[in-house]
Amino acid sequence: MRVGRTLTHHFEIETRQYDLLGIDLGEGARRRMIIFGAVVIVLWVALLFPFIGLPQKPTVSLYVVPPFVITAFGWRPGKFHERRRRVTEWALAVRYALRAHRPIIGLGARAADKSEYLPWRERVSTRKVADLAKARITPEWDREVVVELDPRVRAGADITVNQRARLLGTDHVQRVSRRTTSGKRPE
């Protein structure tokens, strides 16, 4: 299987808001981030309001800090996919832990059975956490590195690789193309 890699950074243009309610925002904040933050704040306040009530002096930080942290860290580029935001990766991880990926059978010809789904115990590695809590295994950072050699692998002499980069100009390419089309060597 061939894997294509993009070695250039994708082109990204975002609109910015330079002032908000008469407050100068300096270089400007990204508008999509502001909208995302506003949605997070509204949802967070709607979640807290029935339990805590109106924000008062002791609870104002509970209303402000979590949405700010979610917006600030969630809007960064993702760890695994730069084109995604971290909040998207978080949502996909939670979805995978709860529902798993639905298997596609016969390019969607039939729906998958419940028996064909990956079980929850295999999706979420609770065994590792339980073993760490019971101190059955030592954490990876405390382990001594032991390299075990596979008896089936036999080491031989070092392999030297001689590589040369060649830059083929248009004149050479034309000579090669004439050679292949006419069947004769050019002079």
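This report describes the overall make-up of a predicted model, then its first three helices, a nonpolar surface patch and two residues around the strands.

**Overall make-up**

The protein has 6 helices and 2 strands, and along the sequence these elements follow the pattern β-β-α-α-α-α-α-α. Of its 187 residues, 12% count as buried, while the accessible surface comes to about 17700 Å², with 59% of that area belonging to carbon and sulfur atoms. Among the contacts in the protein with a separation of 6 or more, 23% are accounted for by residues 24 or more positions apart.

**Helices α1, α2 and α3**

The table sets out the number of residues in each of these helices beside the expected span and the distance between the end C-alpha atoms.

| Helix | Residues in helix | Expected span | End-to-end C-alpha distance |
|---|---|---|---|
| α1 | 22 residues | 32 Å | 30 Å |
| α2 | 15 residues | 21 Å | 21 Å |
| α3 | 14 residues | 20 Å | 20 Å |

For α1, the end C-alpha atoms are 30 Å apart where 32 Å would be expected at 1.5 Å a residue, and the two values are taken to agree. The span of α2, which covers residues 60-74, likewise agrees with the expected 21 Å, and the reach of α3 is close to its expected 20 Å.

The buried residues of α1 are Phe 36, Gly 37, Val 40 and Leu 48, and what covers these residues includes α2 and α3. In α2, the buried residues are Tyr 63, Pro 67, Thr 71 and Gly 74. Seen down the axis of α2, these buried residues fall within an arc of 90 degrees, and they therefore line one face of the helix. The buried residues of α2 pack against α1, at residues 31-52, and against α3, at residues 86-99.

Positive phi angles occur just beyond two of these helices: Gly 53, which follows α1, has a phi near 95 degrees, and Ala 100, just after α3, takes a phi of about 70 degrees.

**The nonpolar patch**

Helix α2 also contributes to the surface of the protein, where Val 60, Val 64, Val 65, Phe 68, Val 69, Ile 70, Phe 73 and Trp 90 make a nonpolar patch of about 710 Å². With 7 residues, α2 gives the most to this patch, and Val 64 is one of the patch residues that lies in α2.

**Leu 21 and Arg 31**

Leu 21 lies in the loop between β1, at residues 16-20, and β2, at residues 23-30. Although Leu 21 is not a glycine, its phi is positive, at about 55 degrees. The relative accessibility of Leu 21 is 83%, and because exposed means over 50%, this residue counts as exposed.

Arg 31 lies in helix α1, and its relative accessibility of 38% falls between the 20% and 50% cut-offs, so Arg 31 counts as partly exposed. Which residues does Arg 31 contact, leaving aside its neighbours within four places in sequence? The contacts of Arg 31 are with Thr 15, Arg 16 and Gln 17. The C-alpha atom of Arg 31 is separated by 9.5 Å from that of Tyr 18, a residue 13 residues apart from Arg 31 along the chain.

Technical notes:
Residues are numbered from 1 along each chain as its sequence is written. This is a predicted model: local features need pLDDT of at least 70, side-chain atom pairs count only at pLDDT 80 or more; totals for chains, interfaces and linings use all residues. Side-chain values use heavy atoms; hydrogens and water are left out. Helices (H or I, at least four residues) and strands (E, at least two) are DSSP runs, numbered from the N terminus. The expected span of a helix is 1.5 Å times one less than its number of residues. Buried means under 20% relative accessible area, exposed over 50%, partly exposed in between (1.4 Å probe, protein chains only). The arc is that of the directions from the helix axis to the C-beta atoms. Contact means heavy atoms within 4.5 Å. Patches are made of residues with over 30% relative accessible area and no salt bridge: like charges are joined within 9 Å, nonpolar side chains (Val, Leu, Ile, Met, Phe, Trp, Tyr) within 5 Å. Accessible areas come from the Shrake-Rupley method with a 1.4 Å probe; for residues, only the protein chains shown count as cover. A salt bridge is a side-chain nitrogen of Lys or Arg within 4 Å of a carboxyl oxygen of Asp or Glu.
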